[in-house]
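User: Please take a close look at a single part of this model and tell me about the contacts around it. I work at the bench, so I would like one connected account that I can follow with the structure open.

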Amino acid sequence: MTSATSTMTRRKVQVKFNFERYAYMFMRMSGLILLILAVGHMMIQHILNSSGNLTLIFVAEQWNSWGWKAYDIFLLIFAIPHGVNGLRNVLEDYIHNPRTIRIVNIVLAIFVVVTVIWAAVGIALFDPEAARQAAQNLPS
């Protein structure tokens, strides 16, 4: 007597690259990471510290540490692509021309890369001492 599994035909299926599948997975994973990072950011900035204390000097004190800079860079790295990917999904609901969708996707991808690099460099190169001096020179 043969088992049912030995008479089954089996074949390997080649799964092709599908951008939408990876974009979907990125939204889910980045959403989970953003939940942790954004809630942590809100807890630190608005609950553990008074929101009236959020000044340039406060930011300079935080960004004097590479830990805080890294935290904010990670928040940036996940938040901007997550938001732009959501925008891309909405635009694809309204744009039906494949060529236009491709152009929009390229423009959005360039925007994400440039914005993330620009902002990350800005955070990384932030000079806390210069910020403190600038804040002291501002009129009260």
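Analyst: Let's begin with the vocabulary for helix angles: under 35 degrees counts as roughly parallel, over 145 as roughly antiparallel, 65 to 115 as roughly perpendicular, and the rest as oblique. Please keep in mind that this is a predicted model. The part I have picked for you is helix H3, which covers residues 66-94.

Take its partner H1 to begin with. Helix H1 spans residues 19-48, and its axis comes within 8 Å of the axis of H3, with the two crossing at roughly 135 degrees. H1 and H3 are therefore oblique to each other. The crossing of H1 with H3 is left-handed. In the contact of H1 with H3, the residues divide into 17 nonpolar, 8 polar and 4 charged.

Now turn to H4, residues 98-124, which packs with H3 at an angle of about 165 degrees, the axes lying 10 Å apart. That angle makes H3 roughly antiparallel to H4, and the crossing of H3 and H4 is right-handed. The residues of this contact comprise 19 nonpolar, 2 polar and 4 charged.

Next, the aromatic side chains. A pair of aromatic rings is described by the distance of the centres and the angle of the planes. Rings count as a pair if their centres lie within 6.5 Å, and as edge-to-face if their planes are over 60 degrees apart. By this rule there are 2 aromatic pairs. One of them joins Trp-63 and Phe-126: their ring centres are 5.0 Å apart and the planes stand at 80 degrees, so this pair is edge-to-face. Trp-63 sits in the loop between helix H2 (56-62) and H3, while Phe-126 sits in the loop between H4 and helix H5 (128-137), so the pair ties together parts that are 63 residues apart in sequence. Both Trp-63 and Phe-126 are buried.

The other pair is Trp-68 with Tyr-71, whose ring centres are 5.9 Å apart and whose planes are at 70 degrees, so this one is edge-to-face too. Trp-68 and Tyr-71 are 3 residues apart in helix H3, which means that about one helical turn separates them. With a relative accessible area of 28%, Trp-68 is partly exposed, a class that lies between buried (under 20%) and exposed (over 50%). If you would like a sense of distance, the C-alpha atoms of Trp-68 and Pro-139 are 28 Å apart in space, and these residues are 71 apart in sequence.

There is a charge to look at as well: the charged end of Lys-69 sits over the ring of Trp-66, 4.6 Å from its centre. For another such arrangement, look at Arg-21, whose charged end sits over the ring of Tyr-22, 6.0 Å from its centre.

Finally, a glance back at the neighbour H1, the helix that holds Phe-26. Phe-26 is partly exposed, with a relative accessible area of 29%. From Phe-26 to Asn-49, 23 residues apart along the chain, the C-alpha separation is 32 Å.

Note on methods
Residues are numbered from 1 along each chain as its sequence is written. Side-chain values use heavy atoms; hydrogens and water are left out. Axes are lines fitted to C-alpha atoms, for helices over the stretch in contact, and angles run from 0 to 180 degrees between N-to-C directions. Helices (H or I, at least four residues) and strands (E, at least two) are DSSP runs, numbered from the N terminus. A crossing is left-handed if the near helix is turned anticlockwise from the far one by less than a right angle, and right-handed if clockwise. Ala, Val, Leu, Ile, Met, Phe, Trp, Tyr, Cys and Pro count as nonpolar, Asp, Glu, Lys and Arg as charged, and the others, Gly among them, as polar. Rings of Phe, Tyr and Trp (its six-membered ring) pair if their centres lie within 6.5 Å; planes under 30 degrees apart count as stacked, over 60 as edge-to-face and the rest as tilted. Buried means under 20% relative accessible area, exposed over 50%, partly exposed in between (1.4 Å probe, protein chains only). A charge sits over a ring if NZ of Lys or CZ of Arg is within 6 Å of the ring centre and within 35 degrees of the ring normal.
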